[in-house]
Amino acid sequence: MNNPTIRNWLGFSTLALMLASLFMVFDYVPPDAEMGIAQLIFYYHVPLAWVAFASFGLVAIAGIFYLWLGDQLWDDLGYAAAETGMVFCTLMIIAGSIWAKPIWGTWWTWDSRLTMTFILWLMYGGYLMLRASADDTPQVARFGAVIGIVAAMDVPIVIVSVRLWRTIHPAVLVTKQGTHGLEDPRMVWTLLVSLTAFTLLWAWFLMLRFTQLRTRSRMSKLAGRIALATVAASDPK
Amino acid sequence: MRKDLRLELRSGESTLALLALSMLVLVVLVFALGAARVRSVDAAAGALWVAMVFAGMLGANRALLAERDNGAIRGLLLSPLDPSTLYAAKLCAALIFMAVAEVGAVILMVLFFNLDFDASMARLAPILVLGAIGFSALATLLSAITGRTRGGDMLLPILAVPIFVPALIAGVKASAAALAGAPFESMGDWLKIMIAFDVLFVTAGYLLFEHVVGGE
């Protein structure tokens with residue numbers, strides 16, 4: 001994980017695929033017949049949503065492993081995933097809003113998926129505020145793990161409840177007829193390239209942040225050891 | 001353990017504060033909504049749940065602050081008690097406080113929102129009990145976390161309210177239906193959501209509480 005070569009390789013392939021997806025979105029793919037150019041943001045909105053939800057899943061998984069094994073590595077991974085997930089979730093909501101303004105005529109509406117995403121965003125905002133309001137001790141790491149698990153457990157109930165509440169969000173990938181709504185094969189290709197590009201970008205961000213947190217944990221451990229050694233050395237007995 | 005709970009109950013201080021808070025929330029909402037909307041059952045159900053969430057938050061914070069100020073939580077952890085048992089006891093205490101606050105809030109709601117004491121109250125009761133169980137289960141677990149961080153009193157609502165949202169949606173909808181005189185069958189889905197929420201969070205709290213309080 002800490003290998004700089006892998007990291008650089010990941011960064012460069014992200015860049016290449018991002019450029020490719022930009023080209024495909026603006027030059028290759030035909031715009032949607034009804035929605036026109038606004039529909040193009042779909043190719044960023046969906047990959048952003050996918051990586052945001054993947055990171056929140058990762059927070060919960062890392063939380064379970066942390067409580068189970070107690071290794072600081074899992075906490076660093078969970079924290080890194082929560083931060084990256086928050087960035088992508090925010091971008092996803094912004095991209096969705098930009099699309100919704102011309103299509104729905106409003107920046108925001110209390111549709112079920114929007115509500116669900118917003119609640120998720122609030123939950124992980126709370127997680128990050130908790131982490132920010134306390135020092136990095138094993139106790140706070142456990143708190144973070146518990147919040148991550150509880151929040152992930154809550155997601156299915158949130159989905160059911162907001163769906164019963166109301167929905168107008170378009171179902172593109174799996175429509176009500178059970179097929180997908182992308183009629184042109186070029187649309188599918190563009191989406192796939194964008195998905196890969198964003199997944200790589202996500203993995204790259206996650207890796208950078210994770211490496212940084214690992215270094216920090218190791219340094220605080222070393223600092224503790226130095227402090228102990230200093231006390232032992234200065235002790236006249 | 002029970003002695004501990006009764007001591008808190010007997011002082012009456014927290015209960016009074018909870019009742020006062022629910023009353024203030026209802027008064028603020030009556031002014032905020034205006035006279036025209038105050039007559040609708042939807043507004044009444046919404047106001048009732050706002051009062052409940054605020055009261056629950058205050059209750060959870062107060063219960064934990066009392067423990068922390070006396071250093072009692074440390075003592076409880078040193079005793080040969082299972083953390084899960086401790087959680088169950090804390091949950092019961094929170095539930096009792098919330099139930100008292102709810103009874104008060106319902107009476108005030110009926111008076112402020114010009115409703116009648118009739119059969120719809122009987123249908124409202126199980127919904128409120130389900131809501132109180134879910135909220136207490138969540139708040140008891142989370143307040144053990146926020147009670148030990150800086151700015152903890154502020155963090156509790158920030159963490160608890162988003163997680164409570166499904167039960168809140170279901171509770172408001174079911175309460176409005178109950179106040180409108182609808183039978184139980186018509187709100188089956190909402191009740192199922194609330195029951196699922198309660199089961200999930202009581203279990204989660206029971207299992208995870210150990211990780212939250214342990215290792216001090």
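Buried area is the accessible area that two parts lose on being put together, summed over both. With that term in hand, the tour may begin; the structure on display is a predicted model.

**First stop: chain A as a whole**

Select chain A and display it as a cartoon. Six helices and zero strands appear, and from the N terminus on the elements read α-α-α-α-α-α. Switching to a surface representation shows what chain A exposes, about 12,300 Å², with carbon and sulfur atoms supplying 70% of that area. Of the 237 residues in this chain, 48% count as buried. It is also worth tracing how the chain contacts itself: among the contacts in chain A with a separation of 6 or more, 79% are accounted for by residues 24 or more positions apart.

**Second stop: the interface of chain A and chain B**

Now show both chains. Together, chain A and chain B bury about 2,600 Å² between them, and 79% of this area lies on carbon and sulfur atoms. On the chain A side, helix H4 (112-132) and helix H5 (138-165) each supply at least two of the residues that touch chain B. Select H5(A) next, since the viewer will find there the largest share of that side, 16 residues. By residue class, the side of chain A that touches chain B divides into 20 nonpolar, four polar and three charged residues.

To select the full contact, take 27 residues from chain A and 31 residues from chain B. How many salt bridges does the rule find across the interface of chain A and chain B? The number is zero. A search for polar contacts across the same boundary gives one residue pair, with both residues at pLDDT 80 or more.

**Third stop: B:Met57**

Move to chain B and select B:Met57, whose place is in helix H3 (residues 41-69) of that chain. Is B:Met57 buried or exposed? The cut-off for buried is under 20% relative accessible area. B:Met57 counts as buried because its relative accessibility is 9%.

Next, display the residues around this side chain. Leaving aside residues up to four places away in sequence, B:Met57 touches B:Phe135, B:Leu156, B:Pro157, B:Ala160 and B:Val161. For a final selection, choose the C-alpha atoms of B:Met57 and B:Pro157. These two residues are 100 residues apart along the chain, and their C-alpha atoms are separated by 6.8 Å.

Notes: Residues numbered from 1 in each chain as written. Chains lettered and ligands numbered in written order. Heavy atoms only, no water. Contact = heavy atoms within 4.5 Å. Buried area = accessible area lost by both parts, 1.4 Å probe. Salt bridge = Lys/Arg side-chain N within 4 Å of Asp/Glu carboxyl O. Polar contact = N/O pair within 3.5 Å; in protein donor to acceptor, adjacent residues only side chain to side chain. Helix = DSSP H or I, 4+ residues; strand = E, 2+ residues; numbered from the N terminus. Nonpolar A, V, L, I, M, F, W, Y, C, P; charged D, E, K, R; others polar. Buried < 20%, exposed > 50% of the residue type's maximum accessible area, 1.4 Å probe, protein only. Areas by Shrake-Rupley, 256 points an atom, 1.4 Å probe, with all protein chains shown as cover.
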